[in-house]
Amino acid sequence: MLLSPEGVAFVTGAGGAVGRATVLQFARDGVVKMAGLDIAEPGLQETARLLKEVSPAARFLPLVADLTDGDQVRKAFQTVVDQFGRVDYAVNNAGIGAPHALTADAADADFDRVLGVNVRGVWNCERLELEQMAKQTPLPPVGGGVPGRVPSRGAIVNVDSVLGLLAMPKIALYTMSKHCVLGLTKTDALDYARLGVRVNAVCPGFIDTPLLTEEARNVLAPSIAKTAMGRLANAQEIADAIIYLCSERSSYMTGVSLAINVLRFFTLHMNRDGGRHFDDLRPASWIPFSSRRV
Ligand SMILES: NC(=O)c1ccc[n+]([C@@H]2O[C@H](COP(=O)([O-])OP(=O)(O)OC[C@H]3O[C@@H](n4cnc5c(N)ncnc54)[C@H](O)[C@@H]3O)[C@@H](O)[C@H]2O)c1
């Protein structure tokens, strides 16, 4: 067994693709108490329906709330603690895309919307999760324990993006928001490690979910064909990485930005040829976080 049956999972964006896959995988890996937060109720209902098929014994608490509203988040989170008594695995997954635009052309409303969900939303949750986890007693080791594996008081995983590590043209707001979340992840990892709470992030490349618009798919198709796998990731593959970072199997990992597949490809090609492989995205070429060439 990978996770504790006594553990409680909390997943934001649980009605969306990655959030739903994560909830279902928590159940397959032994968790029976789960809460899912989303702004859209129909998606949450569908997650609840599928969860019943995967694990009839699982209890799922659907929470409809807007992550940008601190009061709504506080109320929702308190409901989880009241119902289940603790939160052991927290996945701050909900996020939105941004319109393709040069910074000078971007609207103030887009700044507020994208940073509101992707940054403020994570911040609103993470501070409550840290407060709760730091004061709860650690769960007993999974399956009686394996020598060397150290249980924690809680594990937080932020669903970031390869655009938290790198940049691409005309999507500064999204890129900025995902860089912000890695800053929060790393700082909280340092501040809470000795309190027994781990904080990590996954940084996927492009995933086959509704967040990737038809327009984005068309623009990106030639680049995706050149990635190591030659295809998009699917939500399940991201969920599997999230579960690993929640589990005792990653007990010495905190502050990690786990790039899922694409980073290596981008880094290599951008450094070697300055982005000429990305002809479809010219005239602007992709730039790595560091402009140093190897
Ligand atoms: N799809 C990709 O290509 C891709 C790539 C890298 C990273 N990501 C990240 O993965 C995460 C999950 O994305 P997904 O692809 O599953 O998208 P999705 O659109 O399927 O799911 C996102 C969920 O977040 C919810 N949400 C949006 N705004 C909210 C708010 N204010 N309050 C509460 N819930 C809200 C939506 O209702 C939706 O259910 C996001 O953080 C995204 O940035 C996605």
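Ala35 of strand β2 stands opposite Leu61 in strand β3. The two strands, β2 at residues 33-38 and β3 at residues 59-64, run parallel and are joined by 6 bridges. Between them the chain passes through helix α2, residues 41-54, and this β-α-β crossover from β2 to β3 is right-handed. The model that shows this pairing is a predicted one.

Strand β2 also pairs with β1, in the parallel sense and over 5 bridges. Here Val8 stands opposite Lys33 in β2. The connection again involves a helix: β1, α1 and β2 make a right-handed β-α-β unit. Strand β1 has a further parallel partner in β4, with 3 bridges between β1 and β4. In that pairing Val11 stands opposite Val91 in β4. Strand β1 is thus paired with β2 and with β4.

How many residues of strand β1 are buried? The count is 5 of the 5 residues in the strand, residues 8-12, so β1 is largely enclosed by the rest of the structure. In a regular strand the side chains alternate between the two faces of the sheet. In β1, Val8, Phe10 and Thr12 are on one side, Ala9 and Val11 are on the other, and both faces are covered, since all of these residues are buried.

The protein as a whole has 8 helices and 7 strands. Of its 294 residues, 44% are buried. Among contacts between residues at least 6 apart in sequence, 75% join residues at least 24 apart.

The largest nonpolar core has 76 residues. Phe26, Val157, Val202, Ile238 and Ile242 are the residues with the most contacts inside that core. Leaving aside residues up to four places away in sequence, Ile242 touches Thr22, Val91, Val157 and Val202. Val91 is the β4 residue that Val11 of β1 stands opposite. Val157 and Val202 are themselves among the core residues with the most contacts.

Ile243 lies in helix α7. It is buried because 24 other C-beta atoms lie within 10 Å, and 20 or more are enough for a residue to count as buried. With residues up to four places away in sequence not counted, Ile243 touches Leu2, Gln25, Phe26 and Asp29. Phe26 is one of the residues with the most contacts inside the largest nonpolar core. The C-alpha atoms of Ile243 and Ala155 are separated by 10.0 Å, and the two residues are 88 residues apart along the chain.

Ala233 is found in the loop between α6 (214-225) and α7 (235-246). Is this loop residue buried or exposed? Ala233 counts as buried because it has 21 C-beta neighbours inside 10 Å. Its contacts, not counting residues up to four places away in sequence, are Pro204, Gly205, Phe206, Ile207, Ile238, Ile260 and Asn261. Ile207 is 26 residues from Ala233 along the chain, and their C-alpha atoms are separated by 4.6 Å. Ile238, another residue that Ala233 touches, is among those with the most contacts inside the largest core.

Two other loop residues differ from Ala233 in their surroundings: Leu102 is exposed and Lys170 is partly exposed. Leu102 lies in the loop between β4 (89-92) and α4. It counts as exposed because it has 11 other C-beta atoms within 10 Å, and the limit for that class is 12 or fewer. Leu102 and Ile171 are 69 residues apart in sequence, with 7.3 Å between their C-alpha atoms. Lys170 is found in the loop between β5 (154-159) and α5 (172-192). Because 18 other C-beta atoms lie within 10 Å of it, Lys170 is partly exposed. Lys170 is not a glycine, yet it has a positive phi of about 60°.

The ligand remains to be described. There are 28 residues around the ligand, and Gly13, Gly16, Val18, Gly95 and Thr209 come nearest. What is the make-up of this shell in nonpolar, polar and charged residues? The residues divide into 15 nonpolar, 11 polar and 2 charged. Helices α1 (17-28) and α4 (108-135) each supply at least two residues of the shell. The largest share, 3 residues, comes from α1, the helix of the right-handed unit that also contains β1 and β2.

Methods:
Residues are numbered from 1 along each chain as its sequence is written. This is a predicted model: local features need pLDDT of at least 70, side-chain atom pairs count only at pLDDT 80 or more; totals for chains, interfaces and linings use all residues. Two strands pair if DSSP finds at least two bridges between them. Helices (H or I, at least four residues) and strands (E, at least two) are DSSP runs, numbered from the N terminus. A crossover is right-handed if, with the strands pointing away from the viewer, the path from the first strand over the helix to the second runs clockwise. A residue is near a molecule or strand if its C-beta atom, placed from the backbone, lies within 6 Å of it. Ala, Val, Leu, Ile, Met, Phe, Trp, Tyr, Cys and Pro count as nonpolar, Asp, Glu, Lys and Arg as charged, and the others, Gly among them, as polar. A nonpolar core is a set of buried Ala, Val, Leu, Ile, Met, Phe, Trp, Tyr and Cys residues joined through C-beta atoms within 7 Å. Two residues are in contact if their C-beta atoms, placed from the backbone, lie within 7 Å.
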